[in-house]
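Visitor: I would like to learn how to read burial, strand pairing and pockets from a set of coordinates. Could we work through one example together?

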Amino acid sequence: MIRLEHVSKSYKKVLALSDFSYHFEAHKSYGILGVNGAGKSTLIACITRNLAYRGKIDFEDLSPWEIGYVPQELAIYPELSVLDNLLFFASAYRIDKRQARETAEGLIECVGLADKRDALAKSLSGGMKRKLNLITALVHKPKILICDEVCVGIDPVSRDEILKYLRELRDAGMTMLYCSHYLDEVEHLCNQIIFLNEGRLILEGETQRLVAEMGESEHANLSDLFMKVMRKEVSL
C-alpha cells in the first residue's frame, strides 16, 4: 500500500530519519515505536506529505484522499458543533452533502457522542474531544488510518472506548499506522511493529512473534521487548 525507499529527513544538521525503507501492506495494523526523538513523528509527517524529504514514497494504488490522519494535537474547531465539525471536514473532501451527513451521524453514534451531536466542541470533555478528533479523520472513509498518540491525556474509560472502536476498524480490514508511548495499546491493536532509533529502522516483524522470541519469559509483553531493544540487549 505504501512503499518507502531510502527516505531521509534532516533538520539543519540533525538527521531525524535516515535511509528508511519499508513496505506497509494493506489490511495490517502497524505499531511505530521508539523513544522521543527516534523519528516516529518525522516518519508520519513524511508519509502524510507534511514534510519535504529525500528518497521515494510510493503510494501504489492509494490516493492522498484515501488517507485519514489523526494528529496528536487536537485538529477540531472549538466553535463548531460535533456534527458541524464532521460536515466541515467532509466538505474539504468534496463529499456529497447527503452522504456526508449520513456518514457523520453514523460515526457520532459509533463513538458514543450521539447526545453531544449539537454541542460545541469546546464544551466537550477531554476524552470526547479525542473521539471527535478521531472521527474527523474517518468522515471521508479512508483506506488507511494514521494515528499519532490518539489517546494521550484522557481518562481510562474514554481510552478503552477509543481502542475498542479502533480494534473494530482493524478487524473490518482498515490499514493502520499507530504511534503511541502506551505499549499496551500497541500490543493489543497492532499485529505488526517497527522500532525506530536515531532515525533508523532497527527491528520489525509480527508483534506476538517478536515478543515470544525475544521476551525474557513466557509471560513477556511488548513493554519488556521495548526495553530490551532500546538497551540493545537483543540481537537486531
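Guide: Gladly, and please keep in mind throughout that this is a predicted model. We can begin with helix 7, residues 207–214, in which Thr-207, Leu-210, Val-211 and Met-214 are buried, the cut-off for that word being under 20% relative accessible area.

Visitor: Why do the buried residues of helix 7 line one face of the helix?

Guide: One looks down the axis and asks how widely the directions spread; for helix 7 the buried residues fall within an arc of 100 degrees, so they line one face. The face turned away from that buried side carries Ala-212 and Glu-213, which are exposed.

Visitor: What covers the buried residues of helix 7?

Guide: The covering elements include helix 6 (183–189) and helix 8 (222–230), together with strand 8 (192–197) and strand 9 (200–206).

Visitor: Let us take strand 8 from that list; how many of its residues are buried?

Guide: Six of the six are buried, so strand 8 is largely enclosed by the rest of the structure. For a strand one checks each side in turn, and here Gln-192, Ile-194 and Leu-196 are buried on one side, while Ile-193, Phe-195 and Asn-197 are buried on the other.

Visitor: Which strands pair with strand 8, and in the parallel or the antiparallel sense?

Guide: Strand 3, residues 29–33, pairs with strand 8 in the parallel sense over four bridges, and within strand 8 it is Ile-193 that stands opposite Gly-31. Strand 9 runs antiparallel to strand 8 and is joined to it by six bridges, with Leu-203 in strand 9 as the bridge partner of Phe-195. Strands 8 and 9 form a hairpin with two residues between them, and Glu-198 in the turn has a positive phi of about 50 degrees.

Visitor: Turning to pockets, how much space lies in the largest pocket, and which residues lie nearest its centre?

Guide: One reads a pocket by its volume and then by its lining. The largest pocket holds about 320 Å³ of space, and its lining of 16 residues has Pro-64, Ile-67, Gly-68, Tyr-69 and Tyr-93 nearest the centre. Strand 5, residues 67–70, gives the most to this lining, with three residues, and by class the lining has nine nonpolar, six polar and one charged.

Visitor: How do the residues lining the second largest pocket divide by class?

Guide: They divide into three nonpolar, seven polar and three charged. This pocket has a volume of about 160 Å³, and of its 13 lining residues, Asn-36, Gly-37, Lys-40, Ser-41 and His-181 lie nearest its centre. Helix 1, residues 40–47, gives the most to that lining, with three residues.

Terms used:
Residues are numbered from 1 along each chain as its sequence is written. This is a predicted model: local features need pLDDT of at least 70, side-chain atom pairs count only at pLDDT 80 or more; totals for chains, interfaces and linings use all residues. Side-chain values use heavy atoms; hydrogens and water are left out. Buried means under 20% relative accessible area, exposed over 50%, partly exposed in between (1.4 Å probe, protein chains only). The arc is that of the directions from the helix axis to the C-beta atoms. Contact means heavy atoms within 4.5 Å. On a 1 Å grid over the protein atoms alone, a cavity is a set of points where a 1.4 Å probe fits but cannot get out, and a pocket is an open set with protein on both sides within 12 Å along at least five of seven lines; lining residues have an atom within 4 Å of a point. Grid points are joined across faces, edges and corners, and a volume is the space filled by probe spheres set on the points. Ala, Val, Leu, Ile, Met, Phe, Trp, Tyr, Cys and Pro count as nonpolar, Asp, Glu, Lys and Arg as charged, and the others, Gly among them, as polar. Two strands pair if DSSP finds at least two bridges between them.
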